[in-house]
Amino acid sequence: MRNKNPSRDEKKTQKKSSKYEREYELERKLRHKNKELKRLKKETRELLSELDKAYKGIRKSQGEKIIDERLNLASEFTAELADRLKNSLNVMSLSVQYLSEKFNDENEKKELTEKIMEKIGILNNMAMGLLNFAKPHKPELKTYSVHKVLDNALNLLKFQCIEEKVEVVKDYSSKILPVKMDMEMMEQVFLNILDNSLWAMKGGGTLSVTTRFLSPQKRAQIIIKDTGVGIPQGNLQKIFDPLFSNKRNAVGLGLSVAYRIIQQHKGSIEVQSQEGKGTTIFIELPVAR
Ligand SMILES: Nc1ncnc2c1ncn2[C@@H]1O[C@H](COP(=O)(O)OP(=O)(O)OP(=O)(O)O)[C@@H](O)[C@H]1O
Ligand SMILES: [Mg+2]
């Protein structure tokens, strides 16, 4: 109980103790605020990391969207182009054929007309390739082992590998890796990739074909690695673009067709390359139950 009429000393003590009380109270509040600040900082850090993850996700899906948009645009453009090309080639072919029949076999002009016909044939094949790209068919899905389809593609290139001194090293997973796929389309994917690798290894090299079962994701991984010329850093972003090519007489559709087919099969395709060292293509496909 407080004294109703405190002495001077007592007043002094009371004043001192209330000052301490206020200081103590202030310190307590400060400690509390500090704790709250720490908690807020932690929450902000967590939110920022979530935001970063979300941004990365958006950037990835935007990248995929841009490729899709480009593919659609290129498809329309390509179908139109291929159609016009085929019509013109038809007229040219008929005219040259007509001319060719006018010359006998000894006439050197006959040889010239035949050369023109040969070139028309090549252009016609390119136009067909463009048309196939522009008007793709829906995959007819059946379950096949990834290894069987890879072997089919490798067999088709067997002689080319021998001729070009390319050693093929297979390292297949012990699992069968069944995948629901359109076999013809998937064979086309592997052929397009292997064809690029062989082109890159003119003069010889090693082609490694590896498969793995990615158990947590239930996906089959196919790794096709070459020891070829590699892809310059600046071109890595462009190689899946339709009509991008740095080869003579090529259309530049192989990888964009492969990309689209893999997408149709709910898979993914990625590339790693080092100029002068080689290129590795990573494909993932969902494994069938
Ligand atoms: N394994 C590889 N090594 C080096 N360069 C490659 C490799 N794969 C692709 N490229 C580069 O990517 C480009 C695009 O490849 P893509 O298969 O789409 O078209 P292309 O081979 O040029 O023509 P097409 O496949 O229509 O005959 C190639 O021109 C080449 O420059
Ligand atoms: Mg190609």
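User: In which sense do strand 1 (residues 142-145) and strand 3 pair?
Analyst: Strands here are DSSP runs of E with at least two residues and helices are runs of H or I with at least four, both numbered from the N terminus. Two strands pair if DSSP finds at least two bridges between them. Strand 1 and strand 3 have four bridges, and the sense of their pairing is antiparallel.

User: What kind of model is this?
Analyst: Residues are numbered from 1 along each chain as its sequence is written, while chains are lettered from A and ligands numbered from 1 in the order in which they are written. Local features need pLDDT of at least 70, side-chain atom pairs count only at pLDDT 80 or more, and totals for chains, interfaces and linings use all residues, since this is a predicted model.

User: Which residues of strand 3 are buried?
Analyst: Buried means that 20 or more other C-beta atoms, placed from the backbone, lie within 10 Å of a residue's own; exposed means 12 or fewer, and partly exposed is in between. Side chains alternate along strand 3 (residues 178-181), with Pro-178 and Lys-180 pointing to one face and not buried. Pointing to the other face, and buried, are Val-179 and Met-181.

User: What is the bridge partner of Ser-145?
Analyst: Look for the partner in strand 3. There, Ser-145 is matched with Pro-178.

User: How many degrees does the sheet twist, on average, from one strand to the next?
Analyst: Five strands make an open sheet with mixed pairing, in the order 2-4-5-7-6. Strand 2 (166-171) and strand 6 (268-274) are the edges, each pairing on one side only. For angles, axes are lines fitted to C-alpha atoms, for helices over the stretch in contact, and values run from 0 to 180 degrees between N-to-C directions. From one strand to the next, the average twist is 15 degrees.

User: What angle does the direction of helix 5 make with that of strand 5?
Analyst: Contact means C-beta atoms, placed from the backbone, within 7 Å. Helix 3 (residues 146-156) packs on the sheet against strand 2, strand 4 (205-214), strand 5 (219-226) and strand 7, at about 165 degrees to strand 4. Helix 5 also packs on the sheet, touching strand 2, strand 4, strand 5 and strand 7, and its angle with strand 5 is about 20 degrees.

User: Which residue stands opposite Ile-224 in strand 7?
Analyst: Strand 5 and strand 7 run antiparallel and are joined by eight bridges. Ile-224 is among the buried residues of strand 5, whose side chains alternate. Across from Ile-224 in strand 7 is Ile-281.

User: Which residue takes a positive phi in the hairpin of strand 4 and strand 5?
Analyst: These two strands run antiparallel, joined by eight bridges, with Thr-211 opposite Ile-222. The hairpin has four residues between the strands, and the one with a positive phi, near 50 degrees, is Lys-218.

User: And in the turn between strand 6 and strand 7, which residue has a positive phi?
Analyst: Strand 6 and strand 7 (residues 278-286) pair in the antiparallel sense over seven bridges. One matched couple is Gln-272 and Thr-280; another is Ser-268 and Glu-284. Three residues sit between the strands of this hairpin, and the one with a phi of about 85 degrees is Gly-276.

User: Why is helix 6 described as largely enclosed by the rest of the structure?
Analyst: Its cover includes helix 1, helix 2, helix 5 and strand 6. Among the buried residues of helix 6 are Leu-255, Tyr-259 and Arg-260. Helix 6 is largely enclosed because, of its eleven residues, the number buried is eight.

User: Which helix gives the most residues to the shell around ligand 1?
Analyst: A residue is near a molecule if its C-beta atom, placed from the backbone, lies within 6 Å of it. Ligand 1 is surrounded by 22 residues, with Asn-196, Ala-200, Ser-245, Gly-254 and Leu-255 the closest. Helix 5 (183-200) and helix 6 (254-264) each supply at least two. The most, four residues, comes from helix 5.

User: How far apart are the centres of domain 1 and domain 2?
Analyst: Domain bounds come from an automatic or database assignment, which gives domain 1 (1-135) and domain 2 (142-286). Nine residues of domain 1 are in contact with nine of domain 2. Taken over C-alpha atoms, the separation of the centres is 24 Å.

Conventions: Contact = placed C-beta atoms within 7 Å.
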